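Below is a set of questions and answers for a reader who is meeting this structure as a newcomer. Please keep the sequence and the 3D view at hand while working through each turn.

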Amino acid sequence: MRNLILILTLVLMAVPSLAAIDRKFERKSALTKKTNQYIRDGQFFGGKSGNGYSLTDVRRVYSNVDKVERVILELGDEQGLPTTDLAYFQVNLYKDLKRIDIDMAQMRGAALDQKKVEALFKASPNVKSVKLNYDPEDHSIIVQLLLKQEAEIEVIKMPGTQKHGKIALDIRTLTRRTVR
């Protein structure tokens, strides 16, 4: 009887997990060049662990021709100097929430603050609001982009050589034509 209760408990605990498996959540390694491999619900990841990194700059540009907004996160070492490595990162797109989370590990600091990031995205055609979160205990930085409408993303990693390493995030709004 005791074993039966244990088995039933394990089965009941697994049911919510099985429901999550049904959801299509893609997981891809960040690309090294632009290939138009966009995802609509999922995660790109890349970088590696190291001694420490810093977020030195965030930029954004919009192409009216391609209808793509590129967000560039520039990374440096602990002191903000150029580095050939990229910190471990994950970029998650949550389709149902219309949200993108850019989570960067081992970040010792950032050369920007919430006000600067908000001003940067004020004219964005895709981003409704942005939050910059720094966790000093985990040494991680999360940039959260709340989207105006459903979108798809592609992430390109560009390790530094003489310049800072970069993570480029391309955001493309879904239109009736792009929805499959």
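Q: Which side chain of opposite charge is nearest to the buried Asp-77?
A: The model is a predicted one, and in it Asp-77 is buried yet takes part in no salt bridge. A salt bridge needs a side-chain nitrogen of Lys or Arg within 4 Å of a carboxyl oxygen of Asp or Glu. The nearest candidate is 10 Å away, and that side chain belongs to Arg-108.

Q: Where along the secondary structure does Asp-77 lie?
A: Setting aside residues up to four places away in sequence, Asp-77 touches Gly-52, Tyr-53, Ser-54 and Thr-83. As for its own element, the residue belongs to the run 68-77, which is strand β4.

Q: How many helices and strands does the protein have?
A: Read along the sequence, the elements follow the pattern α-β-β-β-β-β-β-β-α-β-β-β-β. Counted by kind, the secondary structure comes to 2 helices and 11 strands.

Q: What percentage of the contacts between residues at least 6 apart in sequence join residues at least 24 apart?
A: The protein has 180 residues, of which 40% count as buried. Among its contacts between residues at least 6 apart in sequence, the share that joins residues at least 24 apart is 63%.

Q: Which strand gives the most residues to the largest nonpolar core?
A: The largest nonpolar core holds 35 residues, and those touching the most other members are Leu-55, Ile-100, Met-104, Leu-145, Ile-153 and Leu-169. Two or more residues come from each of several elements, among them β3 (53-63), β6 (99-104) and β9 (140-147). The element that gives the most, with 4 residues, is β9.

Q: Which residues does Met-104 touch, not counting residues up to four places away in sequence?
A: Met-104 is one of the residues that touch the most other members of the largest nonpolar core. Its full set of contacts, again leaving out residues up to four places away in sequence, is Leu-55, Leu-73, Leu-75, Tyr-88, Phe-89, His-139, Ser-140, Ile-141, Val-143 and Ile-167.

Q: How many residues apart in sequence are the parts that the pair Lys-34 and Glu-154 ties together?
A: The side chains of Lys-34 and Glu-154 meet in a salt bridge, with N and O 2.6 Å apart. Lys-34 lies in the loop between β1 (26-29) and β2 (42-46), whereas Glu-154 is in strand β10, so the parts tied together are apart in sequence by 120 residues.

Q: Is Glu-154 buried or exposed?
A: Its partner Lys-34 has a relative accessible area of 37% and is partly exposed. Glu-154 has a relative accessible area of 0%, and because the cut-off for burial is under 20%, Glu-154 is classed as buried.

Q: Which residue forms a salt bridge with Arg-60?
A: Arg-60 is buried, with a relative accessible area of 18%. The closest N and O atoms of the pair are 2.5 Å apart, and the partner is Glu-69, which at 0% relative accessibility also counts as buried; the residue asked for is therefore Glu-69.

Q: What distance separates the C-alpha atoms of Ala-110 and Gly-76?
A: Ala-110 is found in strand β7 (residues 107-110), and at 41% relative accessibility Ala-110 counts as partly exposed. Leaving aside neighbours within four places in sequence, Ala-110 is in contact with Leu-55 and Ile-141. Gly-76 is 34 residues away from Ala-110 along the chain, and the separation of their C-alpha atoms is 9.6 Å.

Definitions and conventions. Residues are numbered from 1 along each chain as its sequence is written. This is a predicted model: local features need pLDDT of at least 70, side-chain atom pairs count only at pLDDT 80 or more; totals for chains, interfaces and linings use all residues. Side-chain values use heavy atoms; hydrogens and water are left out. Buried means under 20% relative accessible area, exposed over 50%, partly exposed in between (1.4 Å probe, protein chains only). Lys and Arg count as positive and Asp and Glu as negative; His and the chain ends are not counted. Contact means heavy atoms within 4.5 Å. A nonpolar core is a set of buried Ala, Val, Leu, Ile, Met, Phe, Trp, Tyr and Cys residues joined through side-chain atoms within 4.5 Å.
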